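Reader: Before we discuss aromatic contacts, could you show me the model and then take me through the reasoning behind each label?

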Amino acid sequence: MLGATLVILSLIALAWYVAKVGTMFTLLFIGAVAYMTYKRLPLIAFTIVFTLLLAAYTALPWIAVNTAMPWHTPASGVWQGFLWLMLAGLWLLNIRPLRKALISRPFLKAYMRLLPSMSQTEKEALDAGTVWWDGELFTGKPRFEKLLASKAPQLTAEEQAFIDGPCEELCRMYDDWDITHRRADMPPKVWDYLKTRGFFAMIIPKKYGGLEFSAYAHSCVLVKLASRAGLLAATTAVPNSLGPAELLNHYGTEEQKDHYLPRLARGEEVPCFALTGPRAGSDAAALPDTGIVCKGQWQGREIVGLRLNFNKRYITLAPIATVVGLAFRMFDPDKLLGDKSDLGITCALIPRNTPGLSIGRRHFPLNVPFQNGPLSGKDVFVPLDTIIGGPKMAGQGWRMLVEQLSVGRCISLPSNTTGGAKLGVFASGAYTRIRRQFNMPVGKFEGVEAVLARMVGYTYTMDAARSVTAGAIDGGEKPSVPSAMLKYHITEMGRQVASDAMDVHGGKGIQLGPRNYLGRNYQVVPVAITVEGANILTRSLIIFGQGAIRCHPFVLREMNAARTKNVDEFDSALFGHIGFTISNAVRSFVMALTHARFTRVPDVGDTKRYYQHIVRFSASFAFAVDVAMLTLGGYLKKKENLSARLGDVLSSMYLASMVLKHHENQGRPAEDLPIVEWACRNQMYRAQEQLHDFLRNFPNRFLGGCLRVLIFPGGRSYFAPSDRLGRQLADAVLNPTEVRDRLCKFVYRTLEPGNPLGLLQEALVMAQSAEPIEKRIRVDGVKTGKITALDVPGQIAQARELGIISETEAAGLREYDRKVMELLSVDDFETHEMAAEGTDSGGARETFGVAPGQVA
Ligand SMILES: Cc1cc2nc3c(=O)[nH]c(=O)nc-3n(C[C@H](O)[C@H](O)[C@H](O)COP(=O)(O)OP(=O)(O)OC[C@H]3O[C@@H](n4cnc5c(N)ncnc54)[C@H](O)[C@@H]3O)c2cc1C
């Protein structure tokens, strides 16, 4: 409202000015200058064109007077004076030595005082990974040609065969209820299959016996396994994620690689990686675990090694691990290795049987009992060559971890959560079609339709983001900021989809037992939310916190120049930055007023408008970021809610871009357009709302108001997806369509007795042919009063007797009804069956300070 009022007032002021002193030439002049700013002309080019324009503009009064143009009034002296002063300033700014002496050098001094201090770990996090599409979104002018030119990810024949062969077989042999309820572990045959068929070796190079899969293939395998069970996918993801194999691959010595990688590839070693402890969770770099360089006995002789003391918890695969990757802080108090006593965070590989290592007990992660537990070590003595990469990598642990996290975080959790969402949407579409209430499939009620639409839109977005980003990794990127965006947004969307799936299934989703295919999926959601950087932290501190400095085209350059006191570089970055900010302000205003209709984007057909909207938000975002950084400086880091919102805007643009690229990668299927539209509209709407909330909460209200004028001059103009659009999305999964198949690609849907998804799909196909016959029974039989039976089998029998349906139709309906009832049924138990065998309160070591068996 305030924005619209300010725009109207500005327009009135301009009209008054034009009427009083100006002419259409004034408008033309302003328009031409704005156009140059919009187009980001370099300073010298801008100055030259500005000079010519001003010369023409001021010559016009003379021409007007001499040619007696009736519609021209000469510009006022004040206005002209201002423009000539501006021109003088512009020319002075082009004299670099002068500019450096008068502006850049003094500003550098002030900047150095403002520059927030940065720890070594923060610097390493900033240096890790590469800047990819995230960097383009920070420019205010993203080059979509670049994104569209990147290759669509594809599976090789070998990778496809793995998904069709061993993955299928693994899904088939996996019995979720038996594993999660009865055994609290996978049976030996499943473990053996995982270890021996290469499931733990997807990232290990072939020369060491691994599968050496692409990031995309790795991701697709996890999607498939997650569509069967969260526990299966989590167990498979860990050895292929940030852990011993990944670290050895990139930093290990040849000896370490030759020893460990083949054994890991064959499943002879099971790895885990221990970073988290009771005192260091989110702030993992503050870990208190130590490795002291000292002399000690090793295999009968005295050597210089490490004495480790550590206490870790929540470590996946720890209870069964044979080799432990360990992060600790390394000290050399006696200077046995050099001059430094605090060497920093270091990673080592410790065999399970090392004396002093205590391992084997389990945590119980939310009824999805994958192997996860604590481990600790007291005065564990190991040689220095247990350090990953050898002694020369002492102190490099944090860098190694954050570097590899930028890849791993894009794959494991995003893929597992996408697989879970695909399971949810695949099952929900079919279930809400075969489940009837009020004589209608429940999926056809508007309320349920809206929920199904959200599930479809989110799942498409998740799938797009994980596959396009995996493709970028295969193209050589290590996208660290997108990895945080994917981690946060995909798991949050996954949480929503899991919750939605439960809602539309009603009681069927709640009653646990062998027939429940959703409950465990729902229960496992908080695990994805918590691991690899808990979500609140990731949103509040990491996405924008890292992105602002990493991806911004000038900030890191300015900071580095300030740190090295390089005035030349600082000057060039600073003036580039100023031009960039002014240009983004103009671009933001112009594109907001025009709804970005004239913004140039690649010729992509129906989706063109979304590209234009992303460019518009990119300019507004870049402008808002600059103003926020300029006015709040290091304080912005502490204003977590503000930086979280900026992170949300960045993420929305990123996710919408992934959706558009995914659509291109799939060959632009026209039937997918409603989903693409829903997904983009949803993201752009969120971007708008978050940017609006950012401005509303901006500490300086006046500045916030000015930003609002330039960003939302006509108010908020973007709407969330409509109900009509939502209906199209719901329809796509309520029917056995190609859209449904594409969306749910890789879901384990083989038709076999133990696979509810295969059975649901079968019933969905049958529902299509059954529905017209059911309608006939209802209209010709029930409504006319000829059929009096209340139950479906009775109605089928009467309809057959009355000749309303044929014998073949009756047989088909009976079969369909039998299958539906089987799918709708839930389990029931005797009380003793519900208690997990061998469980009692004594299983826990201690409960809130009360030892087992002790009365509180
Ligand atoms: C099932 C499971 C498996 C795991 N596997 C492993 C493993 O294999 N190896 C390993 O090393 N670790 C593992 N972890 C540990 C995991 O990485 C941590 O749980 C995670 O880092 C969060 O630490 P925390 O649980 O101590 O939460 P805390 O650090 O106590 O955080 C509590 C809450 O505060 C929020 N928070 C903290 N700081 C901030 C901030 N500055 N701004 C905003 N919010 C903040 C967090 O987001 C969170 O919501 C696992 C955890 C689980 C649950």
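**Rings and charges**

Author: In this predicted model, Arg 616 lies over the face of Phe 617, at 4.9 Å from the ring centre.

Reader: What makes Arg 740 count as lying over the face of Phe 426?

Author: The CZ atom of an Arg has to be within 6 Å of the ring centre and within 35 degrees of the ring normal; Arg 740 is at 4.1 Å from the ring centre of Phe 426 and is assigned to its face.

Reader: How many aromatic pairs does the model contain?

Author: The count comes to 21 aromatic pairs.

Reader: Why is the pair of Phe 107 and Tyr 111 called tilted?

Author: Their ring centres are 6.2 Å apart, where the limit for a pair is 6.5 Å, and their planes stand at 45°, which is neither under 30 degrees nor over 60, so the pair is tilted. Both residues belong to helix α5 (residues 96–114), where they are four residues apart, about one turn of the helix.

Reader: What makes Phe 107 partly exposed, and why is Tyr 111 called buried?

Author: Phe 107 has 33% relative accessibility, which falls between the cut-offs of 20% and 50%, and therefore counts as partly exposed. Tyr 111, at 15%, is under 20% and therefore counts as buried.

Reader: What kind of aromatic pair do Tyr 193 and Phe 199 form?

Author: Tyr 193 and Phe 199 form a tilted pair, with 6.2 Å centre to centre and 40° between the planes, and both of these residues are buried.

Reader: Which residues do ring pairs link into a cluster?

Author: Phe 29, Phe 46, Phe 50 and Tyr 57 are linked in this way.

How values were computed. Residues numbered from 1 in each chain as written. Predicted model: local features only at pLDDT ≥ 70, side-chain atom pairs only at ≥ 80, totals over all residues. Heavy atoms only, no water. Phe/Tyr/Trp six-rings, centres within 6.5 Å; stacked < 30°, edge-to-face > 60°. Helix = DSSP H or I, 4+ residues; strand = E, 2+ residues; numbered from the N terminus. Buried < 20%, exposed > 50% of the residue type's maximum accessible area, 1.4 Å probe, protein only.
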